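Here are some friendly notes to read with the model open beside you. Take them in order, and find each residue on screen as you go.

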Amino acid sequence: MTQNYRITLLPGDGIGPEIMSVAVDVLRIVGQRFDISFEFQTALIGGAAIDATGEPLPAATLDTCRNSDAVLLAAIGGYKWDSLPSHLRPEAGLLGLRAGLELFANLRPAKILPQLVDASTLKREVVEGVDIMVVRELTGGIYFGKPKGIFATETGEKRGVNTMVYSESEIDRIGRVAFETARKRGGKLCSVDKANVLEASQLWRKGMTKLASKYPDIELSHLYVDNAAMQLVCTPKQFDTIVTGNLFGDILSDVAAILTGSIGMLPSASLGASVPGVFEPVHGSAPDIAGQDKANPLAQILSAAMMLRYALNQPEAADFIENGVLQVLQQGDRTGDIMSEGMNLLGCQAMGNALIQVLEAK
């Protein structure tokens, strides 16, 4: 019996439309194989939305996303819009999407694929076998705290203000996601904060420690964020699951990503309590290579696999894509960001075609 899903596509800016096109082609092949029907609908976000409507997240886009089974996002932003006020920049559209869909949990895996161990800037013995999941709180912290803005002081000097704030309930709900994630993985959870100087982090640490009593099978540890950053590049294999706040998670997940050799290889999932999840690559819009068929589409494709796994409950279809990606890498196909001597250099579309050939042959 065919299963039908409505998927909202948000190609966005820069390389977004290129990598999204490849991912959709792959999903269509997977749909044929697993008797899944996708109804794709495309909406505007980011710079593309600003150009068309004057705002980074049109109300119609948010409505379309809410009426979907899942949202597949590519990338937003670019130099073109950097001079706009903060509330009109492409990034405001992304923050608005997360808040509007109440996506409080961001899952960012950083797993070293055997075929790309030598693509990492770190030594093989340091990164080989690394498999980390960063659970980032997504709708609180300093990105959403009030007051925020640039204000004039009594002397006329301008003052920039951002507020880091977390409530007990926000800490508890992201903590539960993290503990449950760790339970499905290696049973180790490291909570990252800055409790030595930040009151918000002190509450965070108390909350995580309190939750630990409900998960006796999970080994909980704590690190300050500066030490965690150092440990990630020195001894990354000590980590299994990491949970942290919005700002720290933004930074640490990118540090973890580069362990794998290219940020262009990594997907992510943003989840809420019941609303559609948003699935997107960790990398940005790369406007410097947009339109040149140089982008790596694999993170977008792996984000589609995460969508199948976490939003649509299609784990076999997700495995099918992920194993296909491994096979493409095994046969030596590479885009420029992961290229090494003796491999086959492919463009964005050619990499997608190589994967489709592998999937169709399975």
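1. One term before we start: a residue is called buried when its relative accessible area is under 20%, and exposed when that value is over 50%. Please also keep in mind that this is a predicted model.

2. Let's begin with helix 6. Which residues of helix 6 are buried? They are Glu170, Ile171, Ile174, Gly175, Ala178, Phe179, Thr181 and Ala182. Try selecting them together and looking down the helix: the buried residues fall within an arc of 160° around the axis of helix 6, so they line one face of it. The general rule behind such patterns is that an α-helix has 3.6 residues a turn, so residues three or four places apart point the same way.

3. Now turn to the other side of helix 6, where Ser169 and Lys184 are exposed. What do the buried residues of helix 6 pack against? Their partners are strand 4, strand 5, strand 8, helix 7, strand 9 (219-224) and strand 10 (241-244). As for length, helix 6 has 17 residues and spans 24 Å from its first C-alpha to its last, close to the 24 Å expected at 1.5 Å a residue.

4. Next come the spaces in the protein. Rolling a probe the size of a water molecule over the atoms shows where empty space is left. The largest pocket holds about 1,200 Å³ of space. It is lined by 44 residues, and those nearest its centre are Ile76, Glu91, Leu94, Asp250 and Gly284. Among the elements that give two or more residues to this lining are strand 3 (70-75), strand 12 (278-281) and helix 9. Helix 4 provides the largest share, 5 residues. By class, the lining of the largest pocket has 18 nonpolar, 14 polar and 12 charged residues.

5. The second largest pocket holds about 820 Å³ of space. Of the 30 residues that line it, Pro109, Met133, Arg309, Tyr310 and Glu322 lie nearest its centre. Helix 6 returns here as one of the elements that give two or more residues to the lining, and helix 10 (298-310) and helix 11 (315-330) are also included. Strand 4 gives the most, with 5 residues. This lining divides into 19 nonpolar, 4 polar and 7 charged residues.

6. How many cavities of 30 Å³ or more does the structure hold? There are 2. The largest cavity has a volume of about 90 Å³. Of its 14 lining residues, Met164, Tyr166, Ser201, Gly245 and Phe248 are the closest to its centre. Strand 8 (188-193), helix 7 (199-212) and helix 9 (246-258) each give two or more residues to the lining. By class, the lining of the largest cavity has 8 nonpolar, 5 polar and 1 charged.

7. Last is the second largest cavity, with about 30 Å³ of space. Look for Arg108, Pro109, Ala110, Val134, Ser253, Ala256, Ala257, Leu266 and Val282, which line it. Strand 4 (105-111) and helix 9 are the elements that give two or more residues to this lining. Its residues divide into 7 nonpolar, 1 polar and 1 charged. As you finish, find Pro109 once more: this residue lines the second largest cavity and is also among the residues nearest the centre of the second largest pocket.

Technical notes. Residues are numbered from 1 along each chain as its sequence is written. This is a predicted model: local features need pLDDT of at least 70, side-chain atom pairs count only at pLDDT 80 or more; totals for chains, interfaces and linings use all residues. Side-chain values use heavy atoms; hydrogens and water are left out. On a 1 Å grid over the protein atoms alone, a cavity is a set of points where a 1.4 Å probe fits but cannot get out, and a pocket is an open set with protein on both sides within 12 Å along at least five of seven lines; lining residues have an atom within 4 Å of a point. Grid points are joined across faces, edges and corners, and a volume is the space filled by probe spheres set on the points. Helices (H or I, at least four residues) and strands (E, at least two) are DSSP runs, numbered from the N terminus. Ala, Val, Leu, Ile, Met, Phe, Trp, Tyr, Cys and Pro count as nonpolar, Asp, Glu, Lys and Arg as charged, and the others, Gly among them, as polar. The expected span of a helix is 1.5 Å times one less than its number of residues. Buried means under 20% relative accessible area, exposed over 50%, partly exposed in between (1.4 Å probe, protein chains only). The arc is that of the directions from the helix axis to the C-beta atoms. Contact means heavy atoms within 4.5 Å.
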